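Hi there,

Here is the structure I promised to send over. Have a look at it first, and then read on for what turned up.

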Amino acid sequence: MKVLEDIIKKHKKVAFLIGNGPNLSANIMPSWKDLLKSASNNPIRFQVDGLSNTEVYDLVEINSDDPANIKNRIKDKLELKPSYDIGIHQRLMNLAILNGSPVLTTNFDEAFEKSINAELFHIESKTFTRFYPWKSYYGLNQLTLPTEGFGIWKIHGDVRYTDSIRLGLTDYMGSSERARKLIHNGEDRLFHGKRQEFWAGHQTWLHIWFNLPIVIFGLSYGIDEVFLRWLLIERKRYYNFSNKPMQVYYISKGFLLPSVSNLMQNLNVELININEYSEIYG
C-alpha cells in the first residue's frame, strides 16, 4: 500500500474514493455489466457491447415484465457470503482508520463495513431519507462532521436501503439534481453562500468531496459515471473559486482511455500509474 501511504504523507488528511476494484480483486463480485444482465428476469435480447452500465440497466428495466423488483434482485446478488475473503477490504479500511481518512465508495455491498465490524451512524437523523441517505455512514464512532474522521460513505446507495441504489441514468440525474441544489441554491449554498462552514451540504458526504484531498482508485471513472464526472468538474470549479489547488489523485493500472485521461488532465488531477493492483491492495 506504499502508493497510498506516500500520498497520505503529503497531506494532514485525505479521503479515499473507492470503486468496485477491491471486489473484483477479491473475486466476490462480477463486473457491473454482468451483474446488471443477471438481474433481468427475462433473457437479454439486446447486445451490451458499446453500452454504458447505466444504459444496460435502463434497457434491462424497459424489457422487464417486473421492473419494480430489479433492484431487489441486485440486492440479493450482492449478499456477502461467509466464504468470501474480504482481507483486501480490511487492509484498506485499517489504513483509513489509522489516518482518520473518510472513505467514499460507489459500492452498494457490505464488504467494507463488515471487514472491520463497523456500525451504522447518522450525522443527523431528523431529515433521514432512504432514497438519499447522504448523512449516514458506517464507522467506529459518532462524528459531528463528515470530514472529522474515518467513516464509510455510500455515495451510490446502500443495500440496506434498496430505494437508495443508483443504477440507471434517471437515478444519476436525480443525484445530480439533489447535489446541485445543495451546491448552488439558496443562501446556504456552497458557491457564494453566506455561511461556508455550515453550507447546505455540510452534514453530507459532499462536505468531504469539497473539503479534503481525494485519492481515487478501484474505479474506472468512465463515461457511464455521469454523476461522479460532473462532481469532479464541480470540485474544480469550486477550487478555482476558492483559489486552491485541485489535490485529487487518480491511481490506475495500464493504459487509460482518452475519455478518462483527458478529463483528469484538464481538471488538474494527478495521474498515478501502477504496475500491479497489489501496489494498492497488497
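Let me start with the second largest pocket, which has 14 lining residues; Thr127, Tyr132, Lys135, Arg178 and Thr204 are the ones nearest its centre. Please keep in mind throughout that this is a predicted model. The space in this second largest pocket comes to about 170 Å³. Helix α8 (residues 169-184) supplies the largest share of its lining, three residues. By type, the lining of the second largest pocket splits into six nonpolar, four polar and four charged residues.

Now to the largest pocket, which holds about 920 Å³ of space. It is lined by 39 residues, and Trp32, Asn53, Leu219, Ser220 and Gly222 are the closest to its centre. Which elements each supply at least two residues of that lining? They are α2 (21-25), α3 (32-38), α4 (53-62), β7, α11 (258-266) and α12. Strand β7 gives the most, with four residues. Sorted by type, the lining of the largest pocket has 19 nonpolar, 15 polar and five charged residues.

Next, the interior. The largest nonpolar core has 50 residues, and Phe16, Leu92, Phe217 and Ile251 have the most contacts inside it. Helix α6 provides the largest share of this core, five residues. Another core, of 43 residues, lies apart from it and includes Ala15, Leu143, Trp153 and Leu231.

Phe217 is a good residue to click on. Leaving aside residues up to four places away in sequence, Phe217 touches Leu4, Phe16, Leu17, Ile18, Gly19, Leu92, Ile251, Ile280 and Tyr281.

Leu4 also leads us to the N-terminal end of the chain, where helix α1 (residues 2-10) has Val3, Leu4, Ile7 and Ile8 buried. Why do these buried residues line one face of α1? Seen down the helix axis, they fall within an arc of 135°, so they share one face. The general background is familiar: an α-helix has 3.6 residues a turn, so residues three or four places apart point the same way. Lys2 and Lys9, on the other side of α1, are exposed. As for what covers the buried residues of α1, the list includes β1 (15-18), α6 (87-98), β6 (214-217), β7 (248-253), β8 (270-274) and α12 (278-281). Both β7 and α12 thus appear in the cover over α1 as well as in the lining of the largest pocket.

Happy browsing, and all the best!

Key
Residues numbered from 1 in each chain as written. Predicted model: local features only at pLDDT ≥ 70, side-chain atom pairs only at ≥ 80, totals over all residues. Heavy atoms only, no water. Buried < 20%, exposed > 50% of the residue type's maximum accessible area, 1.4 Å probe, protein only. Arc of directions from axis to C-beta. Contact = heavy atoms within 4.5 Å. Core = buried A, V, L, I, M, F, W, Y, C linked by side-chain atoms within 4.5 Å. 1 Å grid on protein atoms, 1.4 Å probe; cavity = no way out; pocket = protein on both sides within 12 Å on 5 of 7 lines; lining within 4 Å. Points joined across faces, edges and corners; volume = space filled by probe spheres on them. Nonpolar A, V, L, I, M, F, W, Y, C, P; charged D, E, K, R; others polar.
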